[in-house]
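Here is a quick tour of the chain, going from the overall fold down to a handful of individual residues. Keep the viewer open while you read.

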Amino acid sequence: MKSILVLLERVVGVLSALATALAALLMLAITGIVGYGVAMRYLFNQPQVWSDELASYLIVLVVMLAIAEVLRRGEHISIDLLVERLGTRVRYWVDVAGMVSVIVVAGVLIVSGWDMTAFSADMGIRSTGYLAMPMWLPQATLPLGFALLGLAALNRLLRLLTGLEAPRETGGHKS
């Protein structure tokens, strides 16, 4: 069992690191696209109407690529007002319930996102903006991102259940 957990940890770590690296590169691209749009609009009086639309699609992709790593590192936003006052054993079960919830929600969003993406592809739906982007492209980022998130949550859940990871400490997040 431990070898399976180690393998899962490595797979999730590699996938998450690759996704995060791609997200970082996309942030650079977004910065360039927005900067280009602003320069063309204000310096040359030639607005680039496609730049905002493309940047918005890329921002969604960045978020979907980065959410698994954020969960994996324990750096997600959490509300600890009540949880930090709980004992270690109760915090453990809150963490377990939280990871189960993330897995369930991620599963629902993977299926829903896949259905939406397939529908858009089948119907040939395009954006109403200047790019006339096939909508299945930006929509496909949702099942991808939630699949990565679900894997990261499953990894953390298994680590909690096997004792390889302790519950969160009080007064802050686990590093």
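## Overall fold

The chain has five helices and zero strands. Read from one end of the sequence to the other, the pattern is α-α-α-α-α. Bear in mind that this is a predicted model.

How does the radius of gyration of the chain sit next to that of a compact globule of 175 residues? The globule would come out near 16 Å, but the chain has 20 Å. Along its principal axes, the C-alpha trace spans about 60 × 40 × 30 Å.

## Surface and contacts

Of the 175 residues in the chain, 33% are buried. The accessible surface comes to about 10500 Å², and carbon and sulfur atoms own 71% of that.

Now for the contacts with a sequence separation of 6 or more: 75% of them are between residues 24 or more positions apart.

## The nonpolar core

The largest nonpolar core holds 26 residues, and the ones with the most contacts inside it are Leu26, Leu58, Leu65, Leu71 and Met99. At least two core residues come from each of α1 (2-42), α2 (49-73), α3 (88-123) and α5 (141-161). The largest share is from α2, with eight residues.

Take Leu26 as a way in. Once you skip its neighbours within four places in sequence, Leu26 is in contact with Leu58, Leu61, Val62 and Leu65. Two of those names, Leu58 and Leu65, may ring a bell from the list of best-connected core residues.

## What the record says

The UniProt entry, which is unreviewed, carries the annotation "transmembrane region" for residues 12-34, 54-71, 92-114 and 134-154. What does the model show for two of these spans?

For residues 54-71, the span is 100% helix and 0% strand, with the end C-alpha atoms 27 Å apart. Residues 92-114 are likewise 100% helix and 0% strand, and here the end C-alpha atoms lie 33 Å apart.

## Ser127 and its pocket of neighbours

Ser127 is in the loop between α3 and α4 (136-139). Is Ser127 buried or exposed? Its relative accessibility is 11%, which is under the 20% cut-off, so Ser127 counts as buried.

Leaving out residues up to four places away in sequence, Ser127 touches Glu53, Tyr57, Ala132, Met133 and Met135. With Ala132 there is also a polar contact: the Ser127 side chain reaches the backbone nitrogen of Ala132 at 3.4 Å.

## Two positive phi values

Most residues other than glycine have a negative phi. Ala132 goes the other way, with a positive phi near 50°. This residue lies in the loop between α3 and α4, and Ala132 counts as partly exposed because its relative accessibility is 30%.

Asn45 is another non-glycine residue with a positive phi, near 55°. Asn45 is found in the loop between α1 and α2. At 66% relative accessibility, Asn45 counts as exposed.

## Two glycines in α1

Gly32 and Gly37 both have their place in helix α1. Gly37 has a relative accessibility of 2%, so this glycine counts as buried. Gly32 is partly exposed, at 42%.

Each can be paired with a residue further along the chain. Gly37 and Asp52 are 15 residues apart in sequence, and their C-alpha atoms are 7.7 Å apart in space. For Gly32 and Ser51, 19 residues apart along the chain, the C-alpha separation is 9.8 Å.

## A long reach from Asp122

Asp122 belongs to helix α3. With 67% relative accessibility, Asp122 counts as exposed. How far apart in space are Asp122 and Gly87, C-alpha to C-alpha? The answer is 52 Å, for a sequence separation of 35 residues.

How values were computed: Residues are numbered from 1 along each chain as its sequence is written. This is a predicted model: local features need pLDDT of at least 70, side-chain atom pairs count only at pLDDT 80 or more; totals for chains, interfaces and linings use all residues. Side-chain values use heavy atoms; hydrogens and water are left out. A nonpolar core is a set of buried Ala, Val, Leu, Ile, Met, Phe, Trp, Tyr and Cys residues joined through side-chain atoms within 4.5 Å. Buried means under 20% relative accessible area, exposed over 50%, partly exposed in between (1.4 Å probe, protein chains only). Helices (H or I, at least four residues) and strands (E, at least two) are DSSP runs, numbered from the N terminus. Contact means heavy atoms within 4.5 Å. UniProt positions are given in the numbering used here, feature names are shortened, and annotations may be inferred rather than shown by experiment. A polar contact is a pair of N or O atoms within 3.5 Å; within protein, one must be able to donate a hydrogen and the other to accept it, and residues adjacent in sequence count only if both atoms are side-chain atoms. The radius of gyration is taken over C-alpha atoms; the globule rule is 2.2 Å times the number of residues to the power 0.38. Accessible areas come from the Shrake-Rupley method with a 1.4 Å probe; for residues, only the protein chains shown count as cover.
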